[in-house]
Amino acid sequence: MIIVMQPGTSTVEIEQISEEIRRLNIMPEISLGSHKTVIGLIGDTSELDPRQIQNLSHSIEQVLRVKKPFKRASLEFRYGEPSDVVVPTPNGPVTFGQNSPLVVVAGPCSVENEEMIVETALAVKAAGAQFLRGGAYKPRTSPYAFQGHGESALGLLAKAREVTGLGIITEVMDTADLDKVAEVADVVQIGARNMQNFSLLKKVGAAGKPVLLKRGLSATIEDWLMSAEYILAAGNPNVILCERGIRTFDKQYTRNTLDISAIPVLRTLTHLPIMMDPSHATGKSEFVQSMAMASIAAGTDSLMIEVHPNPAKALSDGPQSLTIEAFEQFMQEIAPLGRYFGRWTQNHSTTATPKFAPKVSSIAHI
Ligand code: PEP
Ligand code: MN
């Protein structure tokens, strides 16, 4: 249930109403939107009569029941107002949200060594990315595949952050590593395979760092939003949803299927910001740009792109990684679309010199 306050209601009055709500053994959660202030009622509200709440104050405009099973994640919970996730980084705060410029997150699948991570970080920054991604702990299908360098790779990410000022996004797989990961990461990633690891979700919810929640390989939109609800319910409002492709039946030509429709569907259901990851979705570098452009056109708030200085030698996900040169070109080619949709700014600095090489998706790959 939510209480929508009339515009201009004083904070004193909101506090008085909140106090009444607490007396009913329900927790009030206040969201200050740019248009409305909403008090969310957390707890068992099934026995509450909305008219009883309405009568608490003349400043209450409306009392509404949230019908979705995901309460805090629902659009209704914020009375239709999108939320922003603002992440402090050494280069300044970066906002993920519907009214902000597109945030570009780029970097290798895995952090392999200091030279490659620093080189990639400098290059993606110069091409206009705001965040460096890179895995220290890798969720691999095979136990014999490279598992990530773990703690030492976290140190290398810290180094790349220091050199470039970029924000860091890296994955946590195990609750035991959370403190170490959260020390380096500006945004903690929950990978697709852990989307329903509920104890991990509770822990990242309590850890306080913004969270990037990737969609599970076969998760429905509702499963995904219920997982976001775990993090929000643990007290962390800063959740970004990342669509990274779902399992369909074709494994031959694409790794997964990027669910572009997730963007407009999520917009009807949730206030949370959205990221799209065409790298893990397609599994092939030549398809990344077209899916990124489709994602921008469909209204994504952010993109995650895998970039590696030498994809042929990458320890994981080489086939889907763009080279540094291809990423520079990619940024130049998506820029006009970003501008068209009003999601591109001066901050997407392009110090890279224009290249007139073939497009990433060129027929040269045939
Ligand atoms: C990754 O981001 O490198 C990764 C493993 O992603 P996902 O969980 O989407 O497979
Ligand atoms: Mn990867």
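User: How many aromatic pairs does the structure hold?
Analyst: This is a predicted model in which local features need pLDDT of at least 70 and side-chain atom pairs pLDDT 80 or more, while totals for chains, interfaces and linings use all residues. Residues are numbered from 1 along each chain as its sequence is written, chains are lettered from A and ligands numbered from 1 in written order, and side-chain values use heavy atoms, without hydrogens and water. With rings of Phe, Tyr and Trp (its six-membered ring) paired if their centres lie within 6.5 Å, the number of aromatic pairs in the structure is four.

User: Is the pair of Phe198 and Tyr230 stacked or edge-to-face?
Analyst: The ring centres of Phe198 and Tyr230 are 4.5 Å apart, with 25 degrees between the planes. Planes under 30 degrees apart count as stacked, over 60 as edge-to-face and the rest as tilted. The pair of Phe198 and Tyr230 is therefore stacked.

User: Which helix holds Tyr230 of this pair?
Analyst: Helices are DSSP runs (H or I, at least four residues), numbered from the N terminus. The pair links distant parts of the chain, 32 residues apart, with Phe198 in helix H6 (residues 198-207). Tyr230 belongs to residues 221-233, helix H7.

User: How many residues surround ligand 1?
Analyst: A residue is counted if one of its heavy atoms lies within 4 Å of the ligand. Arg133, Lys138, Ala192, Arg193 and Arg244 are the closest. The number of residues surrounding ligand 1 is 13.

User: How much of the accessible area of ligand 1 does the protein cover?
Analyst: Polar side-chain atoms of Arg193 and Lys214 lie 2.8 Å and 2.9 Å, respectively, from an oxygen atom of ligand 1. For His280, the corresponding distance is 3.1 Å. Of the 300 Å² that ligand 1 has on its own (Shrake-Rupley method, 1.4 Å probe), the protein covers 98%.

Key
A polar contact is a pair of N or O atoms within 3.5 Å; within protein, one must be able to donate a hydrogen and the other to accept it, and residues adjacent in sequence count only if both atoms are side-chain atoms. Helices (H or I, at least four residues) and strands (E, at least two) are DSSP runs, numbered from the N terminus.
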